[in-house]
Amino acid sequence: SDGTLRVWNTQWGNCVATLKGHSAGLNGACYNHDGSRIYTCSSDMTIREWQSSPPFKCISVIVGHYGPVHQCAFATSGRHLFSVAEDRTLRAWLKVSLEEPPPENAPAPRVGSRAFSSSNRQSEGGLEWFQWSQIALFAATHPLRCVAGSRAEEDEEVACGAADGQVSLLRLMLPGDY
């Protein structure tokens with residue numbers, strides 16, 4: 001309920017990091033496919049992206065839900081992050097590469113994330129910049145509680161469970177997929 005996530009060394013049983021930043025309790029967390037990032041979901045209506053190794057820095061804050069975010073997950077391809085919330089929505093997010101750094105006084109978006117540099121890795125013109133963008137939205141009749149990505153190699157499918165016990169199986173279809 002304090003908005004923190006503790007990262008534990010499972011071999012030795014000690015806490016190696018405490019990730020602080022959410023203003024309300026955590027409801028869920030997941031790793032990306034290569035294990036380099038941790039994503040936390042909170043009752044503060046945000047998802048935070050963290051480095052999963054020292055210095056365990058918060059890289060981005062994803063906004064757009066209008067209620068507590070209960071869980072997030074990746075489908076097998078690892079391209080899209082899916083989140084479910086009390087606002088009765090499942091949202092699909094895509095991390096897009098930006099061609100240039102954002103202006104210093106750019107306003108915070110209502111949906112997505114501020115632009116961020118996810119590492120110190122330099123491209124030819126300087127730091128590489130990214131931004132999370134919402135690419136799909138599914139609205140349910142009841143609050144959504146859980147989400148899981150498919151194991152199919154080529155499909156972007158997810159299952160989400162609602163508070164009334166209903167389970168929906170959804171396939172993300174983008175232009176060119178049909």
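The following paragraphs describe the sheets, cysteines and pockets of a predicted model.

Two sheets are a good place to begin. Strands of a sheet pair through backbone hydrogen bonds, either parallel or antiparallel. One open sheet is built from four strands in the order S3-S4-S5-S6, with antiparallel pairing. Strand S3, covering 26–31, and strand S6, covering 58–63, are its edge strands, and each of them pairs on one side only. From one strand to the next, the twist in this sheet averages 20 degrees. S3 and S4 run antiparallel and are joined by five bridges. For a reader who wishes to find this pairing in the structure, Ala29 is a helpful landmark, since its bridge partner in S4 is Thr40.

Another open sheet also has four strands, here in the order S7-S8-S9-S12, and its pairing is antiparallel. S7 (69–74) and S12 stand at the edges with a single partner strand each, so one side of each strand is left without a neighbour in the sheet. The twist in the sheet of S7, S8, S9 and S12 averages 25 degrees from one strand to the next.

This second sheet can be followed strand by strand. S7 pairs with strand S8 (residues 80–85) in the antiparallel sense, over five bridges. Phe74 has Leu81 in S8 as its bridge partner, and Val69 stands opposite Ala85 in S8. The two strands form a hairpin with five residues between them. In that turn, Gly78 has a positive phi of about 80 degrees.

The path then leads from S8 to S9, and these strands run antiparallel with five bridges joining them. Here Leu81 stands opposite Trp93 in S9, while the bridge partner of Ser83 in S9 is Arg91. Leu81 thus appears in both pairings of S8, with Phe74 as its bridge partner and with Trp93 opposite it in S9. S8 and S9 also form a hairpin, with three residues between them. Arg88 lies in this turn and has a positive phi of about 70 degrees. Further along the sheet, S9 and S12 pair in the antiparallel sense over 10 bridges. Within this pairing, Thr89 stands opposite Ala139 in S12.

How much of S8 is buried? Six of its six residues are buried, and the strand is mostly covered. The cover extends to both faces of S8. His80, Phe82 and Val84 are buried on one side, and Leu81, Ser83 and Ala85 are buried on the other.

The cysteines come next. The structure holds zero disulfides. The closest cysteine sulfur to that of Cys41 is in Cys72, at 3.2 Å, which is too far for a bond. A disulfide needs the two sulfur atoms within 2.5 Å. Cys41 is buried, with a relative accessible area of 0%. Cys15, in contrast, has a relative accessibility of 33% and counts as partly exposed.

The last topic is the pockets. Rolling a probe the size of a water molecule over the atoms shows where empty space is left. The largest pocket holds about 200 Å³ of space. Its lining is made of 13 residues, and those nearest the centre are Asn32, Tyr39, Gly78, Lys95 and Trp132. Strand S4 (37–42), strand S9 (89–98) and strand S12 (129–139) are the elements that give two or more residues to this lining. Gly78, from the turn between S7 and S8, is thus among the residues nearest the centre of the largest pocket. By residue type, the lining of the largest pocket divides into five nonpolar, four polar and four charged residues.

The second largest pocket has a volume of about 150 Å³. Prolines recur in its lining, which includes Pro101, Pro102, Pro103, Pro107 and Pro109. Other lining residues of the second largest pocket are Glu104, Ala106, Ser113, Arg114, Ala115, Trp129 and Gln131. The lining of the second largest pocket divides into eight nonpolar, two polar and two charged residues.

Notes
Residues are numbered from 1 along each chain as its sequence is written. This is a predicted model: local features need pLDDT of at least 70, side-chain atom pairs count only at pLDDT 80 or more; totals for chains, interfaces and linings use all residues. Side-chain values use heavy atoms; hydrogens and water are left out. On a 1 Å grid over the protein atoms alone, a cavity is a set of points where a 1.4 Å probe fits but cannot get out, and a pocket is an open set with protein on both sides within 12 Å along at least five of seven lines; lining residues have an atom within 4 Å of a point. Grid points are joined across faces, edges and corners, and a volume is the space filled by probe spheres set on the points. Ala, Val, Leu, Ile, Met, Phe, Trp, Tyr, Cys and Pro count as nonpolar, Asp, Glu, Lys and Arg as charged, and the others, Gly among them, as polar. Two strands pair if DSSP finds at least two bridges between them. Axes are lines fitted to C-alpha atoms, for helices over the stretch in contact, and angles run from 0 to 180 degrees between N-to-C directions. Buried means under 20% relative accessible area, exposed over 50%, partly exposed in between (1.4 Å probe, protein chains only).
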